[in-house]
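Colleague: Could you walk me through the reasoning behind a few labels on this model? I would like to see each value set against its cut-off.

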Amino acid sequence: TQLFLDIPQPAREAHGSGRALGAIARQPVFMVAAIGGMLGYGIMALVMTATPLAMHEHHYAFGDTAFVIEWHVLGMFAPSFFTGHLIRRFGVLQVMLVGGLLSAVCVGINLTGTSLSHFWLALFLLGMGWNFLFIGATTLLTETYAPEEKAKTQALNDFLVFSTVTIAVLSAGSLQNHLGWRAVNYGVMPLIAVTVIAVAWLLLARRSAMSVANTPP
């Protein structure tokens with residue numbers, strides 16, 4: 001069946017072609033896409049990594065922890081079957097906004113209790129929040145570059161996102177050990193707020209621009 005696939009050739013980038021990387025990165029749309037990818041993925045990685053440690057401290061069996069992580073992974077990837085449709089139907093910023101709100105709901109559940117159902121529902125919603133934020137952010141990123149600027153723009157975005165993820169994963173154990181589960185969740189709340197505010201700001205700015213454009217002279 002691969003013989004019938006028509007895969008377009010990627011555009012070649014000549015050295016020095018397109019705008020300077022700094023000019024691309026200063027675009028508000030790029031900043032919001034980077035924030036959504038960095039913080040959305042970083043928050044998910046931090047809370048996900050700390051969760052098994054918190055469950056161990058609350059004397060849950062390994063099977064319970066595996067159950068929670070399984071549902072978290074399901075929340076991360078199962079929505080991918082319809083996330084693209086939601087983006088086309090409602091808009092990329094709206095989907096990212098829902099992703100940020102789902103992450104906030106996850107933290108709220110984690111702060112209200114430590115039963116198995118709390119861990120299970122919180123991690124499932126965290127996975128869905130990551131899906132909406134990360135897929136939305138990578139979709140939004142495509143609006144920020146011309147074809148000849150694609151590789152360097154995506155390289156910068158990947159560097160920012162996965163550097164943040166690395167820091168989150170490496171710090172999760174220490175934060176959980178020294179500060180505790182509640183502190184971990186309180187700690188990500190400002191990051192969620194920054195993400196939601198950034199996405200909401202761009203959404204309102206676009207709506208305002210559309211309103212001005214549609215106003216008769």
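Modeller: Happily; this is a predicted model, and we can take the salt bridges before the helix packing.

Colleague: What makes the contact between Glu149 and Arg19 a salt bridge?

Modeller: The N to O distance between the two side chains is 2.8 Å, and the cut-off is within 4 Å, so the pair qualifies. Glu149 sits in the loop between α6 (116-141) and α7 (150-178) and Arg19 in the segment before α1 (21-25), so the bridge ties together parts that are 130 residues apart in sequence.

Colleague: And how do you know whether Glu149 is buried or exposed?

Modeller: Its relative accessibility is 2%, and buried means under 20%, so Glu149 is buried. Arg19, at 33%, is partly exposed.

Colleague: Why is the pair Glu143 and Arg206 called a salt bridge?

Modeller: By the rule of within 4 Å, the N to O distance of 2.5 Å passes. Glu143 is in the loop between α6 and α7 and Arg206 in helix α8 (residues 181-214), 63 residues apart. Both are partly exposed, Glu143 at 43% and Arg206 at 29%. The count comes to 2 salt bridges.

Colleague: Now the helices: why is α5 described as roughly antiparallel to α8?

Modeller: Helix α5 (residues 92-112) and α8 pack at about 160 degrees, with axes 9 Å apart. Angles over 145 count as roughly antiparallel, so the label follows. The crossing is left-handed, and the contact has 17 nonpolar, 5 polar and 3 charged residues.

Conventions. Residues are numbered from 1 along each chain as its sequence is written. This is a predicted model: local features need pLDDT of at least 70, side-chain atom pairs count only at pLDDT 80 or more; totals for chains, interfaces and linings use all residues. Side-chain values use heavy atoms; hydrogens and water are left out. Helices (H or I, at least four residues) and strands (E, at least two) are DSSP runs, numbered from the N terminus. Buried means under 20% relative accessible area, exposed over 50%, partly exposed in between (1.4 Å probe, protein chains only). Axes are lines fitted to C-alpha atoms, for helices over the stretch in contact, and angles run from 0 to 180 degrees between N-to-C directions. Angles under 35 degrees count as roughly parallel, over 145 as roughly antiparallel, 65 to 115 as roughly perpendicular and the rest as oblique. A crossing is left-handed if the near helix is turned anticlockwise from the far one by less than a right angle, and right-handed if clockwise. Ala, Val, Leu, Ile, Met, Phe, Trp, Tyr, Cys and Pro count as nonpolar, Asp, Glu, Lys and Arg as charged, and the others, Gly among them, as polar.
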